[in-house]
Number of protein chains: 2
Amino acid sequence: MSSHPNRQIILVARPNGDPKPSDFEIVERPAPVAGAGQVLVRNTLVSLDPFNRILMGNANSDQAPIELGDTMFGFTVGIIEHSNNAAFSVGDHVTGFLGTTGWQDFAVSDGSDLRIVDPAIVPLSSYLGTLGVTGLTAWVGLTKILDPKPGGTLLVTAAAGAVGSAAAQIGKLRGYRVVGVAGGPEKTRHLIDDLGLDAAADYKADDFEAQLARAVPEGIDTIYENVGASQFPILLPHVNIGAQIAVGGVMSQITTTDGLAGPNRLPEVLRAIFYKDLTVRGFNVTKFYEFYPEFLADVTPAVAEKKILSTTHFIDGLENIPSAFPEMFTGRGAGKMIAKIA
Amino acid sequence: MSSHPNRQIILVARPNGDPKPSDFEIVERPAPVAGAGQVLVRNTLVSLDPFNRILMGNANSDQAPIELGDTMFGFTVGIIEHSNNAAFSVGDHVTGFLGTTGWQDFAVSDGSDLRIVDPAIVPLSSYLGTLGVTGLTAWVGLTKILDPKPGGTLLVTAAAGAVGSAAAQIGKLRGYRVVGVAGGPEKTRHLIDDLGLDAAADYKADDFEAQLARAVPEGIDTIYENVGASQFPILLPHVNIGAQIAVGGVMSQITTTDGLAGPNRLPEVLRAIFYKDLTVRGFNVTKFYEFYPEFLADVTPAVAEKKILSTTHFIDGLENIPSAFPEMFTGRGAGKMIAKIA
């Protein structure tokens, strides 16, 4: 049985708009004890995701937020410290893939929210990124939501982000011509030179629309959409008849408090949906966890062979999560954000 | 061979916004002559549809408009006056279901755009309404675009209109609880008392949102959308997780020239698509003509037994089409608009 202290990041305030370090507090409590059939997990890596912002509340979402005072929910990688469950041995590496292991040093579990993972195949951080819920989200969008037309043009928004870069690279492997949209010349260069995309457009550039037109000379057949309203209407004139659009995120809308500003872009979007026979489908990856084994079988070899790369932005120490997490929403970071806490 | 004069309504100006009588001109030319394998059709009924406005140009559509000086394209019912085609006999009633028979007294055809229809089963005007492209549009939306969940709540916008009332009544027959949205107390009364819908809400009423909330106590599972941006965002708070939305028209956007006015409703719509796992599908009925026989087999008995009713607004005489057609866009009419021209 463990008598370690357990540091927990708890929610103490609901942000309006972007989250702030002061929305969190770190408390220290005795580590929990594994009961019958349970294991004690010591978290080593904590995944920081846009979904965590939604759970903080005031996020324009129907998703119920966590309570003030509760430990932040989140995906982790950890190691089994103590086991009363025959399926797990001390020293096993596991992912807490339902988020219940959370932003803390220790968690107990009956094992139903844990998967044993092998650091000999890919680095453990990959089980939070390209082989975690991040990669699963991208893969579900491309394989379960969209009706793929390999050979056509797939456009991915926020393509330098964690989910976007996974979607773009999985799209390449599935046979699409892939075009990425990202902010700034360094990110668009990365998409082409490092990730091997076919073209890219910089939404922060003055000539974004011209860059986009050059990037999709035969139009867009499929969109993997991560961003929300800010770029969507600009893409539509380039969308081909019958195109399919998966909405796997609305990053730009999660923290927006002034969503009603600017001209009304809804009429032109509905017109495009009607006149161009578009299908637009939103999806919540948590309803597709049953496909996790199929996803891993499909994508693990490509990650192991480095055909799918990811940029990971590591944070050092649980104590630095409150100051690092808000940076995800200011666009400064790129790629997957993971805190090393052990 | 015929030597009748052929009155034709030609397009002489492209409207900005609502069409005007002066956009049309009536010319008189010699009737065409049926060649080898062709028939001569004398039109008796002409269907006036929102699609005609799109064909006039300046309609925010990718659909190519007709040329200035060309005869207006449109659906008709007619009678065979002369036949050089063994599939048709003089006196047969036919529908010109591709629109090629047009706004004129006479047309020649090789028969590929004609279907023989039987006035003993339903009135001939029904072949332009509930059993015409109007009804086909509603039926395609409900059977080929939506993945129906019978027993749930179907909401139909513009439910007193030609397509909307067909969608609402076909929805009832398919087992939905059906709620109609229409403008004004007379139309909402008609939806409930005459068409047998379960509830209705008046979008012109000050308490529209309260009426809507009362009409859908268990939320909305399916929307048959005809209108466009003006009502769409108001519906979304009542939409259930996983709901499906067919966009079969954007009536309010066809003639709108100030579409960018007002607050930007796109962010909240994309958020709802993502957070509520919505599927939004636009469709163009012209791509579903292959299902016409299946549609007729499915719906004809219900129309013949008066389980599907329609309100028809008859115009007397081809010469009155130019002044009557614009009224479709001012919301004064309700139901299907048909001109008797013989």
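This is a short dialogue on reading the predicted model shown above.

Visitor: Let me begin with the two chains. How is chain A laid on chain B, and what relates the two copies?

Guide: Superposing chain A on chain B takes a turn of 180° and a shift of 0.0 Å along the axis, with an RMSD of 0.0 Å. The two copies are therefore related as by a two-fold rotation axis. If you want to find that axis in chain A, look for A:Asn264, whose C-alpha is the nearest to the axis at 1.8 Å. Both copies use the same surface, since 100% of the contact residues of chain A recur in chain B.

Visitor: How many residues does each chain bring to the contact?

Guide: In general, the size of an interface is often given as the accessible area lost when the parts come together. Here we can look at residues instead: chain A gives 38 residues and chain B gives 38 residues. On the side of chain A that touches chain B, helix H6 (232-235), helix H8 (266-275) and strand S13 (279-282) each supply at least two residues. H8(A) has the largest share of that side, with 9 residues. Sorted by class, the side of chain A that touches chain B holds 18 nonpolar, 13 polar and 7 charged residues.

Visitor: In which sense do S13(A) and S13(B) pair?

Guide: As a general idea, strands of a sheet pair through backbone hydrogen bonds, either parallel or antiparallel. S13(A) and S13(B), each covering residues 279-282, are antiparallel and share 3 bridges. To see one of them, start at A:Arg281 and go to its bridge partner in S13(B), B:Thr279.

Visitor: What order do the strands take in the sheet that holds S13(A) and S13(B)?

Guide: The sheet is open, has 12 strands and mixed pairing, and reads S10(A)-S9(A)-S8(A)-S11(A)-S12(A)-S13(A)-S13(B)-S12(B)-S11(B)-S8(B)-S9(B)-S10(B). Its edge strands are S10 (199-202) of chain A and S10 (199-202) of chain B, each pairing on one side only. On average, neighbouring strands in this sheet are turned by 15° against each other, direction ignored. For a parallel pair, take S8(A) (residues 153-156) and S11(A) (residues 220-225), which share 3 bridges. There, A:Leu155 has A:Ile223 as its bridge partner in S11(A).

Visitor: Which strands does helix H4 of chain A lie across?

Guide: H4(A), residues 185-193, lies across S9 (177-182) and S10 of chain A, and runs at about 170° to S10(A). Helix H5 (residues 208-215) of chain A also packs on the sheet, where it touches S9 and S10 of chain A, and its direction makes about 170° with that of S10(A).

Visitor: And for two helices, at what angle do the axes of H2(A) and H9(A) cross?

Guide: Two packed helices are described by the angle between their axes and the distance between the axes. The axes of H2(A) (residues 133-145) and H9(A) (residues 292-304) come within 10 Å and cross at roughly 90°. H2(A) is therefore roughly perpendicular to H9(A). H2(A) makes this contact through A:Gly135, A:Leu136 and A:Trp139, and H9(A) through A:Tyr292, A:Phe295, A:Asp298 and A:Val299. By class, that contact has 5 nonpolar, 1 polar and 1 charged residues.

Visitor: Last, which domains does chain A have?

Guide: The domain assignment gives domain 1 (5-129 + 310-340) and domain 2 (133-285) in chain A. Their centres, taken over C-alpha atoms, are separated by 28 Å.

Terms used. Residues numbered from 1 in each chain as written. Chains lettered and ligands numbered in written order. Predicted model: local features only at pLDDT ≥ 70, side-chain atom pairs only at ≥ 80, totals over all residues. Contact = placed C-beta atoms within 7 Å. Helix = DSSP H or I, 4+ residues; strand = E, 2+ residues; numbered from the N terminus. Nonpolar A, V, L, I, M, F, W, Y, C, P; charged D, E, K, R; others polar. Pairing = 2+ DSSP bridges. Axes fitted to C-alpha atoms, helices over the stretch in contact; angles between N-to-C directions. Parallel < 35°, antiparallel > 145°, perpendicular 65-115°, else oblique. Domains from an automatic or database assignment. Least-squares fit on C-alpha atoms with pLDDT ≥ 70 in both.
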